[in-house]
Structure formats: structure tokens, C-alpha cells
Amino acid sequence: MPELPFDDEHAPLYSLGQVAEMLQVRQAYLRRLDEHGVISPSRSSGGQRRYSRADIMTVRHVTDLADQGMTLIAIRRILELERELAHARRQLQEARGHLTNTPPQEDTERPASHHTLPQAAPTPSPDPLSRR
């Protein structure tokens, strides 16, 4: 059975008015988020903004951050950092998957009985600007 558009969280199904009513925000607020590049909904062939479920969840998150006093510039940066963190986590998970699927490599450069101890980290010098 083919997947229906409403099954896809990224399908742009909701109009500006529907999202504003759903989230109890003003339409102008949603337009402002788009104008400031905080969220960029898809556009219909007639140029109307169309929001996906993923967009709606992002707007909800943005609204929570704005309610905490964050500026739109700060919110945009937070969203960028969250995307970067999610990407780094996916890469880490992928690397862990490769490690578990790779047979262990033998160390051929030195005998197995020769182990080196890790060196202790250097002691940091006192910070002259810190107040104690």
C-alpha cells in the first residue's frame, strides 16, 4: 500500500491559518519567523506557505524559546546548533556501528607483552583572572 501524504512528517499539508489556530499564535508571528529565517515552510504553487508536522513541532519549540526570553537571532542559532548536534550524534552512532562490525585488528608493531602507561595530563597553571 503506498504511503499517504499525512503519513510523512515532512509533507507540507497545513496552511498558515491552520497552524496559527493549532498553536494559538498570530499569523503575523509565523510570517515573521519565516522572514527572519527561523523556519522556512514550503510554498504551494500559488506561493502560500505550507507547513509540515515537523515544521509545526519546530514552531512550537521556537515559541517555547521565545517565551523564555530568547531573541529570534538567538533562537535561529540554537536551532542550528541542535541540527549540528543531531548530525554529530548520527555520525557517532554510525562509527559505533562500524566498530562493532569490524573484527579486532592485531597490533603488529610491538610485542603484546609491551604495554605503555598513559601519561598524566599536565597540571594547568592557575588562572590569574579567576577570583577565589
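# A tour of four helices and three salt bridges

Start by selecting Gln24, which counts as exposed because its relative accessible area is 75% (exposed means over 50% relative accessible area, buried under 20% and partly exposed in between, with a 1.4 Å probe and protein chains only). Gln24 sits in the loop between H1 and H2. Its phi is near 55°, a positive value in a residue other than glycine.

Before moving on, a word about what is on your screen. This is a predicted model, in which local features need pLDDT of at least 70 and side-chain atom pairs count only at pLDDT 80 or more, while totals for chains, interfaces and linings use all residues. Residues are numbered from 1 along each chain as its sequence is written, and side-chain values use heavy atoms, with hydrogens and water left out.

**The whole chain**

Switch to a cartoon view. The protein chain has four helices and three strands (DSSP runs numbered from the N terminus: helices are H or I with at least four residues, strands are E with at least two). Follow the sequence and you meet them in the pattern β-α-α-β-β-α-α. Of the 132 residues in the protein chain, 20% are buried. Among contacts with a separation of 6 or more, 54% are between residues 24 or more positions apart (contact means heavy atoms within 4.5 Å).

**Stop 1: H1 and H2**

Two packed helices are described by the angle between their axes and the distance between the axes. Select residues 16-23 for H1 and residues 27-35 for H2: their axes come within 9 Å and cross at roughly 110° (axes are lines fitted to C-alpha atoms, for helices over the stretch in contact, and angles run from 0 to 180 degrees between N-to-C directions). That angle makes H1 roughly perpendicular to H2 (65 to 115 degrees counts as roughly perpendicular, under 35 as roughly parallel, over 145 as roughly antiparallel and the rest as oblique). The crossing of H1 and H2 is right-handed (the near helix is turned clockwise from the far one by less than a right angle; anticlockwise would be left-handed).

Which residues of H1 meet H2? Show side chains for Leu16, Gly17, Val19 and Ala20 in H1, and you will find them meeting Gln27, Leu30 and Arg31 in H2. By class, this contact has four nonpolar, two polar and one charged residues (Ala, Val, Leu, Ile, Met, Phe, Trp, Tyr, Cys and Pro count as nonpolar, Asp, Glu, Lys and Arg as charged, and the others, Gly among them, as polar).

**Stop 2: H1 and H3**

Keep H1 and add residues 53-67, which form helix H3; the two pack at an angle of about 45°, with their axes 11 Å apart. That makes H1 oblique to H3. Here too, look for a right-handed crossing. Val19, Met22 and Leu23 in H1 meet Ile56, Val59 and Arg60 in H3. The contact of H1 with H3 has five nonpolar, no polar and one charged residues.

**Stop 3: H3 and H4**

Now hide H1 and show H4, residues 72-101. The axes of H3 and H4 come within 10 Å and cross at roughly 130°, so the two helices are oblique to each other. H3 passes H4 in a right-handed crossing. On the H3 side, pick Thr58, His61, Val62, Leu65 and Ala66; they meet Ile75, Ile78, Leu79 and Glu82 in H4. By class, that contact has six nonpolar, two polar and one charged residues.

**Stop 4: the salt bridges**

Side chains of opposite charge can pair when their charged atoms come close. How many salt bridges are there in the whole structure? A search finds three (a salt bridge is a side-chain nitrogen of Lys or Arg within 4 Å of a carboxyl oxygen of Asp or Glu).

Select Asp34, Arg43 and Arg49, which are linked in a network of salt bridges. The side chains of Arg43 and Asp34 meet at 3.0 Å, N to O, and those of Asp34 and Arg49 at 2.8 Å, N to O. The pair Asp34 and Arg49 links distant parts of the chain: Asp34 lies in H2 and Arg49 in strand S3 (residues 49-51), 15 residues apart. Is Asp34 buried or exposed? At 13% relative accessibility, Asp34 counts as buried. Arg49 is also buried, at 15%, whereas Arg43 is partly exposed, at 47%.

Finish on H4 with Arg77 and Glu80, whose closest N and O atoms are 3.1 Å apart in their salt bridge. Arg77 and Glu80 are separated by about one helical turn, because they are three residues apart in H4. Arg77 is partly exposed at 41% relative accessibility, and Glu80 is partly exposed at 31%.
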